[in-house]
Structures are given as structure tokens and as C-alpha cells.
Amino acid sequence: MMKKAFVFVAAVALVASSAMAISLSEIAPVGADTASSGRAITSNGIAVGQSGTGTGVIWDGTNLTRTILSSDGAQATVATGVAYRTVSGSPQLVVHGLSAGWSTNWFSNDDGLTWGPKLRSTNVGSAPQLGQSQTMNALGGDDVFYNTWFNTSSGNPLYTEKGTGEPASVARDSKGTTTQSALRSMSGTGRAVGMRKNAAGARQIYIVDYLGNGTGSAYFVNGLDGTFLGEGFAVSGDGTRAYGMSPVSDGRPGNWPSMITNPGGSQTIAELPTFGDTGGSTTNGVVYGASMDGQYASGMNYRG
């Protein structure tokens with residue numbers, strides 16, 4: 001049987017640019033799997049994701065799809081974040097995902113051809129869950145990287161982690177919540193974006209900044225209709241822009257994509273452009289990933 005694979009969009013801009021070329025590359029599944037997905041990508045084209053429903057993979061245009069297995073035997077079941085940090089003056093690739101059911105980082109000094117020992121948050125909370133894309137990030141100039149994840153244990157804590165050192169270790173903030181919540185994407189500055197439900201069960205845009213004080217700094221931000229209603233899905237690598245969707249105040253139904261500049265400060269919010277035939281869904285448009293400086297973002301429009 002022929003394998004079917006999702007394709008990874010190498011470059012898609014929500015802001016039009018005549019100089020930008022758009023191309024597609026297949027992240028082929030491995031083994032007997034019939035589908036695969038890309039979850040995050042570096043600026044030099046190394047992508048991570050999942051093959052089937054239980055194998056974390058890494059891909060580049062030369063070496064193609066391969067599994068992620070640490071030198072001490074930790075197999076990735078999904079990979080949702082990838083970035084470079086600098087260790088002893090050299091770049092080191094860091095991947096975030098799950099192994100054996102727990103939040104895990106993998107480290108490679110040769111762009112994912114071989115791996116060192118894992119860093120795994122075993123027995124922290126219960127049933128860890130990850131956002132769909134870029135759950136780990138780094139600015140790249142030093143050995144610092146940040147993870148975010150959440151779980152379904154009592155109190156539904158949200159986790160932000162700062163990793164440093166070689167071998168790496170993490171310091172962790174844990175934000176307890178009384179309602180369902182999730183953190184979906186992490187910047188290289190420790191800013192994670194997501195959602196937290198209010199007492200009525202409506203989703204609100206929620207951001208947690210890593211501080212290293214045990215709980216972090218958590219706050220709601222206004223969406224396009226001037227209320228907290230909506231959800232955050234992505235954040236630029238430098239943490240200056242958050243992306244999500246929210247209701248609007250002009251009568252259009254559903255949620256529409258937005259960009260929040262300087263969240264938590266003197267923030268401004270702008271609706272992102274959508275195709276003319278977008279509409280008819282609760283989720284009319286949403287950003288799933290953004291560039292380091294926030295100038296470009298990629299996502300989807302619901303077009304009927």
C-alpha cells in the first residue's frame with residue numbers, strides 16, 4: 001500500500017511579499033505508518049514532528065525522516081519543539097517532546113544524526129500534554145532554552161521550564177489553575193501562550209512568563225472584542241508578539257486571527273488578514289507558528 005504523508009509548508013507568510021517563494025517538502029512516515037506531520041522547524045530547515053500516532057521524528061532535506069532516540073534509550077513518541085542553543089561556543093540542536101509519557105528534551109551536536117543523553121521530567125505531575133507546535137524555544141546565543149507543557153492532574157498545573165548547562169538541567173515554574181487551561185507555544189525568552197477557561201467555561205487568552213520564582217507571572221490579555229475571550233496559539237521566538245484568535249465586535253460570528261504586540265505591557269492588538277471567503281466556522285482563522293521576530297506567521301483560514 002502506498003504511504004500517505006502530510007506535507008510541511010516550508011514558508012508561508014500572512015503578510016504578502018513578492019520576494020518570498022513558497023515550497024513544499026514531504027516529511028515521509030517511517031516503518032508501516034501511513035501519515036506524518038511537521039510540528040516545528042528551525043531557520044535552516046530542520047523539522048520535527050510525528051510519524052503515525054506514536055513516533056517522534058526529525059527531518060531535513062538531506063537526511064530525510066528519521067526517529068529520535070537518545071543515547072540512553074529514550075524514544076520520542078512525538079516532537080513538538082526544536083531550536084539551537086550554544087554550548088562551549090558551538091551550536092547544539094535541542095528537541096522537545098514526549099518519551100515514556102513524560103516531557104523530554106533531546107540534544108544533538110550534529111543536527112540530529114546522533115543524540116546524547118535525554119533530559120526527562122519523570123514523575124512531575126501526571127499525564128503531560130504538549131501544544132501542537134514550538135513547545136520549546138531558544139534565542140541561540142547562549143546555552144539557555146525554555147519548555148512549556150501542562151497536564152491533567154488535580155489543579156491542572158501549567159509548567160514553564162528554563163534549561164541551562166551541559167549536561168542540561170531545568171528549573172521549573174508551576175502555575176496551578178482552578179479551571180481547564182493549556183499552554184501551547186513557547187518563546188526563546190520564557191513566554192508561553194495558551195488559554196484558561198473562566199467560571200462559565202468560556203476560553204480566555206492566557207499568558208505565563210517564566211520567572212524562576214516557582215509560579216511565574218500569569219495574566220489574561222484582551223482579544224479583538226476588548227474582552228479576554230479567545231485563545232492563544234503561537235508566540236514569536238523573541239516573545240514580543242503573541243498570536244491567537246478571538247471574537248470580534250463587528251457582528252461576524254466565530255473567532256478571527258489576531259496578533260498581540262508587547263503582551264503584558266503597553267500591548268496593542270490587530271486582526272490579521274484572511275482570505276475573502278473565510279467564514280462559517282467557530283475557528284475562522286488561527287496562527288500556529290511564527291518567526292523569531294514575529295514578522296511572519298503561518299496558520300489556517302477556514303474557507304467553507
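Val208 has Ala218 of β19 as its bridge partner. β18 and β19 pair over four bridges in the antiparallel sense, where pairing requires at least two bridges found by DSSP between two strands. Strands are DSSP runs (E, at least two residues), numbered from the N terminus, and helices are runs of H or I with at least four residues. This is a predicted model, in which local features need pLDDT of at least 70 and side-chain atom pairs count only at pLDDT 80 or more, while totals for chains, interfaces and linings use all residues. Residues are numbered from 1 along each chain as its sequence is written, and side-chain values use heavy atoms, with hydrogens and water left out.

The order β16-β17-β18-β19 describes an open sheet of four strands with antiparallel pairing. Its edge strands, β16 (181-186) and β19 (217-220), each pair on one side only. On average, neighbouring strands of this sheet are turned by 25° against each other, direction ignored; the axes are lines fitted to C-alpha atoms, and angles run from 0 to 180 degrees between N-to-C directions.

Gln204 lies in strand β18 (residues 203-209). Gln204 counts as buried because its relative accessibility is 10%, the classes being buried under 20% relative accessible area, exposed over 50% and partly exposed in between (1.4 Å probe, protein chains only). Leaving aside residues up to four places away in sequence, Gln204 touches Phe220, Phe228 and Leu229, among others. Contact means heavy atoms within 4.5 Å.

A nonpolar core is a set of buried Ala, Val, Leu, Ile, Met, Phe, Trp, Tyr and Cys residues joined through side-chain atoms within 4.5 Å. The largest one has 14 residues, and Val48, Ile68 and Trp115 are among those with the most contacts inside it. Strands β7 (78-87) and β8 (90-99) each supply at least two of its residues. The largest share, three residues, comes from β7. A second, separate core has twelve residues, including Tyr146 and Leu183.

Values for the whole protein chain follow.

| Property | Value |
|---|---|
| Helices and strands | zero helices, 25 strands |
| C-alpha box along the principal axes | roughly 55 × 45 × 40 Å |
| Buried share of the 304 residues | 47% |
| Exposed area | about 13,100 Å² |

Carbon and sulfur atoms supply 53% of the exposed area, computed by the Shrake-Rupley method with a 1.4 Å probe; for residues, only the protein chains shown count as cover. The radius of gyration, 19 Å, agrees with the value near 19 Å for a compact globule of 304 residues. This radius is taken over C-alpha atoms, and the globule rule is 2.2 Å times the number of residues to the power 0.38.
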